[in-house]
Amino acid sequence: MPHSLPLDRFRRRVPAARPARQVCAGCGTKFGNDRWSNAAASREPGHRWHPTLRETCEERAVAAADQAERDRSEAAAAATAENARG
């Protein structure tokens, strides 16, 4: 016999047995309890703090952000030099 409640209403009424295990947003590796509790207690992510990433993925994200900033600076300098030449 099928359940009489739609699935989404059923899920709201029946609590989950335990919270979902949190994973790294970059690679999908499961976080340990200490790492996830630190991330949950954290404020918003910043340039050097990505609470949903493992250390390795965080290092890659920071390096990519640094490279993007250097690229923007170089492009702005090139545009300024081009405008100065007239």
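Cys24 is a buried residue, with a relative accessible area of 3%. In this predicted model, Cys24 takes part in no disulfide, although the sulfur of Cys57 lies 3.7 Å away and is the nearest cysteine sulfur to it. The reason lies in the distance: a disulfide calls for two cysteine sulfur atoms within 2.5 Å, so a separation of 3.7 Å does not qualify. Seen from the other side, Cys57 is likewise in no disulfide, its nearest cysteine sulfur being that of Cys24. Cys57 is also buried, at 6% relative accessibility. The total for the model is therefore zero disulfides under this cut-off.

Turning to the fold as a whole, the protein chain contains three helices and zero strands. Read from the N terminus, the order of elements is α-α-α. Burial applies to 10% of the 86 residues in the protein chain, and both Cys24 and Cys57 fall in the buried class. The chain exposes about 7200 Å² of surface, of which carbon and sulfur atoms contribute 53%. As for contacts in the chain, taking those between residues at least 6 apart in sequence, 23% link residues at least 24 apart.

Charged side chains offer a second set of pairings, and here the count comes to two salt bridges. In one of them, Glu69 pairs with Arg72, with 2.9 Å between the closest N and O atoms. Both residues belong to helix H3, which spans residues 55-85, and their spacing of three residues places them about one helical turn apart. Glu69 is partly exposed, at 42% relative accessibility.

The other pairing involves Glu82 and Arg85, whose side chains meet in a salt bridge with an N to O distance of 3.6 Å. A salt bridge requires the nitrogen and the carboxyl oxygen to be within 4 Å, so the value of 3.6 Å for this pair meets the criterion. Glu82 and Arg85 are again three residues apart in helix H3, a separation of about one helical turn. At 46% relative accessibility, Glu82 is partly exposed, whereas Arg85 is exposed, with a relative accessible area of 65%.

Taken together, the cysteine pair and the charged pairs give two contrasting pictures. Cys24 is buried and so is Cys57, yet their sulfur atoms, 3.7 Å apart, form no disulfide. In helix H3, by contrast, Glu69 and Arg72 are joined by a salt bridge, and Glu82 and Arg85 by another.

Note on methods. Residues numbered from 1 in each chain as written. Predicted model: local features only at pLDDT ≥ 70, side-chain atom pairs only at ≥ 80, totals over all residues. Heavy atoms only, no water. Buried < 20%, exposed > 50% of the residue type's maximum accessible area, 1.4 Å probe, protein only. Helix = DSSP H or I, 4+ residues; strand = E, 2+ residues; numbered from the N terminus. Contact = heavy atoms within 4.5 Å. Areas by Shrake-Rupley, 256 points an atom, 1.4 Å probe, with all protein chains shown as cover.
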